[in-house]
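Biologist: Could we go through this structure together? Please begin with the terms you will use.

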Amino acid sequence: MASASSSKIQRSAIVLSSAAVRTPARSTVSPAAALHRVISAPTRGLVTCPQNRTLRSRLAPPCSLQTKSAPNTKSPRQVQTRWNSDEASPIKLREWGFEEINAALPTSTPTSPTHKPVILIDVREPAELKGTGIIPSAVCIPLASQGDALYLTPDEFETRFGFPKPDPAESEGEPAQMVFYCKAGVRAKAAAQMAVQAGYNPANVGVYMGSWLDWERHGGKVEKWEGDDF
């Protein structure tokens, strides 16, 4: 009996020892050590935000350093300037009206008062003049088709147009006044500004703002246009 009990006890001990080998013993880790392992573990695809929360990187806001400019620093403003506009050009040309133009026209009446000489320049196209006529004594220098006319030399100008190039200084006494007109005043104003750019004295350049429409409305004298196309 004693030997049977001893062998039974030995078999139980062998079973217990084999079970101990298969089941690893649990290691005892303190809470502080466990927290250290979590913090030091690699965080692939994770971003730690300032609020100590761990979020996925696609949801985390970008962390970048932004440099702000000084509060008193102002960026330069760009200013666009329109050429040939009233605001951009300090030159103010004289504006003529119907009464002034009519009084300055040459007349054969001996008792008529004398006026400053005026050179009337119609800047409309010849096709327009054939339908309406021109103001008496005016010459035609088309602005659209002959934009370089006032930049030509006197010889080149006369060869092209068949009459001398307008020159206010050549008149007897004080210089003549060059007065530009068209149909409604827009082309006349552009031509007058072009004359100044070409070297004419602004004091001798003027614009009939009402132009042909105003002249016709007031019943001004009309002269038939018999010139050639340029």
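Modeller: A polar contact is a pair of N or O atoms within 3.5 Å; within protein, one must be able to donate a hydrogen and the other to accept it, and residues adjacent in sequence count only if both atoms are side-chain atoms. This is a predicted model, in which local features need pLDDT of at least 70 and side-chain atom pairs count only at pLDDT 80 or more, while totals for chains, interfaces and linings use all residues. Residues are numbered from 1 along each chain as its sequence is written, and side-chain values use heavy atoms, leaving out hydrogens and water.

Biologist: Which side chains make a polar contact with the side chain of Arg124?

Modeller: The side chain of Asp122 does so at 2.9 Å, and that of Thr132 at 3.0 Å.

Biologist: Is Arg124 buried or exposed?

Modeller: Arg124 counts as buried because its relative accessibility is 2%. Buried means under 20% relative accessible area, exposed over 50%, and partly exposed in between, with a 1.4 Å probe and protein chains only.

Biologist: Where does Arg124 lie?

Modeller: Arg124 is in the loop between strand 4 (118–122) and helix 4 (126–132). Helices (H or I, at least four residues) and strands (E, at least two) are DSSP runs, numbered from the N terminus.

Biologist: New topic: what is the strand order of the open sheet?

Modeller: The five strands have the order 3-7-6-4-5, with parallel pairing. Two strands pair if DSSP finds at least two bridges between them. The edge strands, strand 3 (94–96) and strand 5 (139–140), each pair on one side only.

Biologist: And which residue in strand 5 is opposite Ile121?

Modeller: Val139 stands opposite Ile121.
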